[in-house]
Amino acid sequence: MIAGAGAAALAAWRPRRAGAAGGSPLVIGSKSDTEGALLGNLIADALENSGLPVERRLGLGPTLIVRSALLSGELDLYPEYTGNVAFFSGTETDPAWKAGEAAYAAARRLDGARGLVWLGRAPADNTWCIAVNGRLARAENLVGMADFARMVGADRIRLAASTEFVESPAALPAFEAAYGFRLPTNRIVSLPGGDTAVTARAAAENISGVNAGMVYGTDGALSALDLVVMRDPQRAQIVYEPAPVIRAQTLERHPEIPAALDPLFAALDAATLRRLNAAVAVEGRTAEAVAAEWLGQRAGTR
């Protein structure tokens, strides 16, 4: 998701410019979250395994820092989410962003005008979700947002979420409009940051009476914390499917890159991404080790 970033942070980071004359390594970036590090390492490892030299610039910061680095030529490619292009382009109210294929097509079209190319996307939606304490979900047969709305109406929900999730028209208000409920402010624990590890744990452990939390669709700790993600059949939320975004100039020099990365991302469904994220977030392994192991397993099954 998009997070604010100061110009000073970008100015403080000045790597060697990407795309120099022949033989220069491909500069791979990523955001500073668990999944960003995982996907960045998968991209870098896959390209190295294809015989391409790579320079890692992983964990650079939030979305706008990494996006700016790509546009300025400091990076050659990095993993991004289709739905973020809705905010880059100011088109977040377009219903196209709520369907996977349409969102991907829109991202490709809009970023194509900026000299960027979206490679093959993963079939895993890392959108905003609401997860409910597992014990409560099983006791009340809660599986989707309509069930969640019923519990809100019975004054049985206390939600932990970021201020952005509560206030952004694309987040909680979109759920409320789609499913016909209104969560009172006194039933919300609003946090300044967007760390879903905090909101998920609060829901899992009933901290301060919380029994539901803002999460992302591919969070790794959902199963470990016994949380049930409420399904969103009305597609209230924008789709956030990850894919490598590459500078068109870089792709012209290395047309072999899609063959190395497209099959990789096609295999990253939601269950796989949750499992890999859990290996980092729950088991405490490094993103580098998890990425290398998964790529090795894939190579061994061919």
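# Exercises on a predicted protein chain

In helix H3 (residues 63-72), the buried residues are Thr63, Ile65, Val66, Arg67, Ala69 and Leu70. Buried means under 20% relative accessible area, exposed means over 50%, and partly exposed lies in between (1.4 Å probe, protein chains only). Helices (H or I, at least four residues) and strands (E, at least two) are DSSP runs, numbered from the N terminus. This is a predicted model, in which local features need pLDDT of at least 70, side-chain atom pairs count only at pLDDT 80 or more, and totals for chains, interfaces and linings use all residues. Residues are numbered from 1 along each chain as its sequence is written, and side-chain values use heavy atoms, with hydrogens and water left out.

## Exercise 1: the whole chain

Task: State how many helices and strands the protein chain has, and compare its radius of gyration with that of a compact globule.

Solution.
- Step 1. The protein chain has 14 helices and 10 strands.
- Step 2. The radius of gyration is taken over C-alpha atoms, and the globule rule is 2.2 Å times the number of residues to the power 0.38.
- Step 3. For 302 residues, a compact globule would have a radius of gyration near 19 Å; the protein chain has 20 Å, which agrees.
- Step 4. Along the principal axes, the C-alpha atoms fill a box of roughly 65 × 40 × 35 Å.
- Step 5. Of the 302 residues, 51% count as buried.
- Step 6. A contact means heavy atoms within 4.5 Å. Among contacts between residues at least 6 apart in sequence, 76% join residues at least 24 apart.

## Exercise 2: aromatic pairs

Task: Find which parts of the chain are tied together by the pair of phenylalanine 148 and phenylalanine 181, and then by the pair of phenylalanine 165 and phenylalanine 175.

Solution.
- Step 1. Rings of Phe, Tyr and Trp (its six-membered ring) pair if their centres lie within 6.5 Å; planes under 30 degrees apart count as stacked, over 60 as edge-to-face and the rest as tilted.
- Step 2. The structure holds three aromatic pairs.
- Step 3. Phenylalanine 148 and phenylalanine 181 form an edge-to-face pair, with 5.7 Å centre to centre and 75° between the planes.
- Step 4. Phenylalanine 148 is in helix H7 (residues 145-153) and phenylalanine 181 is in the loop between helix H9 (172-179) and strand E7 (188-191), so this pair ties together parts 33 residues apart in sequence.
- Step 5. Phenylalanine 148 is buried, because its relative accessible area is 0%. Phenylalanine 181 is also buried, at 9%.
- Step 6. Phenylalanine 165 and phenylalanine 175 form a tilted pair, with 6.4 Å centre to centre and 50° between the planes.
- Step 7. Phenylalanine 165 lies in helix H8 (residues 163-167) and phenylalanine 175 in helix H9, so the pair ties together parts 10 residues apart in sequence. Both of these phenylalanines are buried.
- Step 8. Ring pairs link Trp128, Phe165 and Phe175 into a cluster.

## Exercise 3: helix H7

Task: List the buried residues of H7 and name elements that cover them.

Solution.
- Step 1. Met145, Asp147, Phe148, Ala149, Met151 and Val152 are the buried residues of H7.
- Step 2. Their cover includes E5, helix H6 (134-140), H9 and E8.
- Step 3. After H7 comes aspartate 155, with a positive phi near 60°.

## Exercise 4: two loop residues

Task: Decide whether threonine 218 is buried or exposed, and do likewise for proline 123.

Solution.
- Step 1. Threonine 218 is in the loop between strand E8 (212-216) and strand E9 (227-229).
- Step 2. Threonine 218 counts as buried because its relative accessibility is 1%.
- Step 3. Leaving out residues up to four places away in sequence, threonine 218 touches residues including Glu35, Asp125, Asn126 and Arg274.
- Step 4. Proline 123 is in the loop between strand E4 (116-118) and strand E5 (128-133).
- Step 5. Proline 123 counts as partly exposed because its relative accessibility is 46%.
- Step 6. With the same sequence neighbours left out, proline 123 touches Glu241, Phe265, Ala266, Leu268, Asp269 and Ala270.

## Exercise 5: positive phi

Task: For serine 208 and arginine 235, give phi and the place in the chain.

Solution.
- Step 1. Most residues other than glycine have a negative phi.
- Step 2. Serine 208 has a positive phi near 55°, and its place is the loop between helix H10 (196-205) and E8. Serine 208 is exposed, at 58% relative accessible area.
- Step 3. Arginine 235 has a positive phi of about 55° and lies in the loop between E9 and strand E10 (242-247). Arginine 235 counts as partly exposed, at 28% relative accessibility.
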